[in-house]
Amino acid sequence: MAAKGLLLIVGLFLVIEEGIATDFITPIPTSVEHDKRKALLGKKLFFDKSLSSDGKISCNSCHNLAKYGVDGASKSIGVDRKLGKRNSPTVYNAVLNFTQFWDGRALDLQHQVSGPLLTEFEMGFKNFDDIIKLLSKNAEYKESFDRLYGGEISEETITFSLGEFGKTLLSPNSPFDKYLQGDKSAISEVAKKGYKNFISFGCVGCHQGANVGGNMFQKFGVHADTSLRGAKDDDLGRFNITRNEWDKRVFKVPSLRMAVHSSPYFHDGSVETIEEAIEIMIQYQLGRDVPIDDRDAIVEFLKTLPGELKDGGE
């Protein structure tokens, strides 16, 4: 959608409180329905390095829960020091995304899990039979699968457990969520200005909902060809899945909930700072220039989005 049309819609449908729209973003839920016992098994699997072909990589290696669910690398390193092809997004609040992966090829967390396990440059297994044999030899895992799944250790039960753990990775009670819930002192005046800018410039057209993103696909380079910014990456995104010409360089819009903690940015991890990422978005997605003060106010708004980190360990 063109920026002018987007701004017209924004102007027509805002619900204003203290001069700020409060209906585009909703608070992160404190929990999502899940099976607690199976989530605890999933947590054990998430941290287990034996679930990689060289025994050196766990899910947590690329999605470090102590570092806001990311590894801080442009592209993650998998088994045998092989380099991945895309930047690893945060796993926090991923359950709130409408699809998983940058290209949306998995519908939910359970179906996302198989990808890394069976990718040669991630966790490196060639098939699930090898994973099942590995877990079957472990007495603790065998007891857990006996108790929770009647002894069935399968692709379905392994991925379901990991998916259930993924549902627990939420970040509720952020300063901005508290603001939305009525605490007008929860964020600064500069952050409030930043949110106004976020709306008026059109950022909220793609980044909205509880996850401030993660609920649509969008072309990277709406107003200008992103290859002009000098990035060497030529990832065609969702086109690789659909083979539809319209899907070239189309990606899932990322959540901004952890943006200030999850550099480097974009699918290729090509941008180091949040300030540069915002400038690129404004230029290539919205087709406009923004004064530095207004950009910096948006950064202050983004700083209010992370909340408490929950990891299903209770």
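This passage goes through the overall make-up of a predicted model, then one loop residue and a handful of salt bridges.

Starting with the big picture, the chain has twelve helices and four strands. Of its 314 residues, 50% are buried. Looking at contacts with a separation of 6 or more, 68% are between residues 24 or more positions apart. As for the surface, the accessible area of the chain comes to about 14900 Å², and carbon and sulfur atoms hold 52% of that.

One residue to pick out from the loops is Thr99, which sits between helix H3 (59-62) and helix H4 (109-117). Thr99 has a relative accessibility of 6%, so it counts as buried, the cut-off being under 20%. What does Thr99 touch, once neighbours within four places in sequence are set aside? The list runs to Gly104, Ala106, Leu107, Phe217 and Lys252.

On to the charged pairs. Side chains of opposite charge can pair when their charged atoms come close. In this model there are 15 salt bridges. One of them joins Lys43 to Asp311, with 3.5 Å between the closest N and O atoms. Lys43 belongs to helix H2 (residues 36-46) while Asp311 falls in the segment after helix H12 (292-302), so this pair ties together parts of the chain that are 268 residues apart in sequence. Asp311 counts as partly exposed because its relative accessibility is 28%, a value that falls between the 20% and 50% cut-offs.

A further salt bridge brings the side chains of Asp235 and Arg86 together, at 2.6 Å from N to O. This pair, too, links distant parts of the chain: Asp235 is in the loop between strand E3 (217-219) and helix H10 (239-242), Arg86 is in the loop between H3 and H4, and the two are 149 residues apart. Asp235 and Arg86 are both buried.

Lys192 and Glu189 make a more local case, as both lie in helix H9 (residues 189-200), three residues apart, or about one turn of the helix. Their salt bridge has its closest N and O atoms 3.2 Å apart. Are these two partners buried or exposed? Lys192 counts as buried because its relative accessibility is 9%, whereas Glu189, at 59%, counts as exposed. Beyond single pairs, salt bridges with shared partners join Arg86, Asp103, Arg105 and Asp235 into one network.

Technical notes: Residues are numbered from 1 along each chain as its sequence is written. This is a predicted model: local features need pLDDT of at least 70, side-chain atom pairs count only at pLDDT 80 or more; totals for chains, interfaces and linings use all residues. Side-chain values use heavy atoms; hydrogens and water are left out. Buried means under 20% relative accessible area, exposed over 50%, partly exposed in between (1.4 Å probe, protein chains only). Contact means heavy atoms within 4.5 Å. Accessible areas come from the Shrake-Rupley method with a 1.4 Å probe; for residues, only the protein chains shown count as cover. A salt bridge is a side-chain nitrogen of Lys or Arg within 4 Å of a carboxyl oxygen of Asp or Glu.
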